Amino acid sequence: MRFQFIAAAGLLPLTALAESCQPYKLSITAARSSTRWTDCKPGECTGRMQMFDVTVNNTGTTWVVSQPYVAVTLKGDGLTTYRQGKITRLRPGDSAILELGVQTNTVHVNRMVNATAHWDDGGSCQDSTAFGFTASYGIPDYQPNVASVSNHEAPNWYRDAKFGIFIHWGVYSVPAYEDEWYWWRQEFKNSDVYKHHLATYGENVVYDDFIANFTAANFNPKDWMDLISDAGAKYFVPTTKHHDGFALFNMSSNISNRNSVRLGPKRDLLGELFAAARQYHPEIHRGTYFSIPEFFTPASPKNSGVGSAFYQGAPKNAYTGAEVPYTGFVQNDFVSGIQLPQMNILANNYGTELMWCDIGGVSMSDQFAANFFNKAFSENKPVVMNDRCGAVNGQKVPGDYGTPENTVNLKFDPKLWEVCRTVDPNSWGYRADTPDSAYMTPTTIVYTLLDAISKGGNLLLNIGPRPDGTIKEIMQTNLRSAGTWIKAHSESIFGTKYWPLGKGGSGNFRYTETDHAFYIHYLTKPSGSITITDPIPWIQGDTVTVVGGSKNGATVSASASGNSIVLHVPQEISDADQYAWTFKIAY
């Protein structure tokens, strides 16, 4: 256990903060330690701080309205707050999740902590209360077991990033038919892929013959990074190895030669992309997609924990039944000799900040995660891992966040998640016959992003380049159009939180908030006035302004109507934006 920090925690019942000072009545309903850390800022402390999450409810009948803010701190049992939690506004019945930065002078592991919570509005109102909760002090020195790595949490950079670009690029982009599961679908006689392949290529052409046509001849990694930046994304996740087992990064020939360095383009495609990212867009975080299993491999493990689509042994010609080479294969134990070394290369050699595994199944991901997390702490570069990295002895490695896939009707969930969607409704990889009209429009991109972030999630939006490395123009156009809107409205997207009371919003309304502002996103063009029935934190006298569009900063009049709030939107403001309309209540 490392020094002076906090790990995972559970809460015991807490007492309410007493109402010794009108007009506020606040109570702490939850407090927990975390494994997140951040650097101390000048004037705060020395070294790093551990982050606590404290939930505060306004249990009174009066609004908390304070300038500059109500500060909440914790102290006790060797614990001192150096970065306060801040409440600027909290309506009766609403709650706020505050992040506090603390240091400790002792190391405790899963024990009762006797703490005092103190709040102070900087004026005449302040109070304290004592309570107890179970916590651990210290960022753990992660051990290679599921229990230990399960304590890890997604860092703040990922929580604040909100929007990433997914990239499915591989050999499957050569046939460009049906989807990236082309090879697997070809195994089913009378399937569309089976018939298409036979008619187009004949029975003697096998999947690995496509490797020669995966040329990357026009791949320009700077162009890709410029597109990702223009889209407004804060991170990106390219496929480094999909289910066909063909990797886009370099590795020892003792592990595998089935990769783009030794076959096909004979280039380290991931290395080139990451180099361009570091040189031209260092502000964008770098992630890696990695398929835990493979469709076929002579090293297929037994008791794999995944469905029959995977680990089918050596590949065969779908038409003749004859076994065919698994090009570039090197005999190894699959899990310990191929899978784990490849994952470690992505972490250690390429410096991925986000490990996006797929499918799951048998793995040694506890060993990978322990090394990945410990390396991140030692280098002070927080990393994150999703929930698909497999299981160890039948016990799933839970990861840091959930990954609903292609979900359209998103549900509010306070537990961190990321929805992945693809701009091509039919495929994650490049599909040649998808018409331009079928691709996700800028309106849908913006709507999907706002829907996700207002309900507690991130959006990872996928594109599929051609085998030569070019990206279809309609994908670029729609991403850049959406990106123009996203950048113009960035203050209402990045670094925001969901509104706990609103749970996303209702109808055409979505909501986000920061310590200093509340944002109303309206998903259709306003006509005259819009009535908000959700109990938003607006009070008489608030100024409501437009965010984004050609009328950015313009004032919109607002009034109460019973329990509703009405925004009066003139035609010139309605005409000044597109895709979605955003309004700001500044505290």
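This section describes the overall dimensions of the chain, an annotated domain and three helix pairs. The structure is a predicted model.

The protein chain contains 11 helices and 26 strands. Its radius of gyration is 26 Å, close to the 25 Å given by the globule rule for 587 residues, so the chain is as compact as a globular protein of that length. Taken along the principal axes, the box filled by the C-alpha atoms of the protein chain is roughly 85 × 60 × 40 Å.

In UniProt, an unreviewed entry lists residues 141-491 as "domain: Glycoside hydrolase family 29 N-terminal". This span is 30% helix and 12% strand, and the C-alpha atoms at its ends are separated by 36 Å.

Helix α10, formed by residues 473-488, takes part in two of the packings described here. With helix α9 (residues 442-454), the axes come within 8 Å and cross at roughly 50 degrees. Angles from 65 to 115 degrees would count as roughly perpendicular and those under 35 degrees as roughly parallel; α9 and α10 are therefore oblique to each other. The crossing of α9 past α10 is right-handed. On the α9 side, the contact is made by Pro442, Ile445, Val446, Leu449 and Leu450, while α10 contributes Asn478, Leu479, Ser481, Ala482, Trp485 and Ile486. The residues of this contact comprise 9 nonpolar and 2 polar, with no charged residue.

The second packing of α10 involves helix α5 (residues 221-230), whose axis lies 7 Å from that of α10 at an angle of about 45 degrees. That angle makes α5 oblique to α10. Asp226, Leu227, Ser229 and Asp230 of α5 meet Gln476, Leu479, Arg480, Gly483, Thr484 and Lys487 of α10. By class, the contact of α5 with α10 holds 2 nonpolar, 4 polar and 4 charged residues. Leu479 of α10 thus appears in the contact with α9 and also in the contact with α5.

A further pair is formed by helix α7 (residues 334-348) and helix α8 (residues 365-379), which pack with their axes 10 Å apart and at an angle of about 10 degrees. Because angles under 35 degrees count as roughly parallel, α7 is described as roughly parallel to α8. The contributing residues are Leu340, Met343, Asn344, Ala347 and Asn348 from α7, together with Ser365, Gln367, Phe368, Phe372 and Lys375 from α8. The contact of α7 with α8 divides into 5 nonpolar, 4 polar and 1 charged residues.

Technical notes
Residues numbered from 1 in each chain as written. Predicted model: local features only at pLDDT ≥ 70, side-chain atom pairs only at ≥ 80, totals over all residues. Heavy atoms only, no water. UniProt positions renumbered as here; feature names shortened; annotations may be inferred. Helix = DSSP H or I, 4+ residues; strand = E, 2+ residues; numbered from the N terminus. Axes fitted to C-alpha atoms, helices over the stretch in contact; angles between N-to-C directions. Parallel < 35°, antiparallel > 145°, perpendicular 65-115°, else oblique. Left-handed = near helix turned anticlockwise from the far one by under 90°. Contact = heavy atoms within 4.5 Å. Nonpolar A, V, L, I, M, F, W, Y, C, P; charged D, E, K, R; others polar. Rg over C-alpha atoms; globule rule 2.2 N^0.38 Å.
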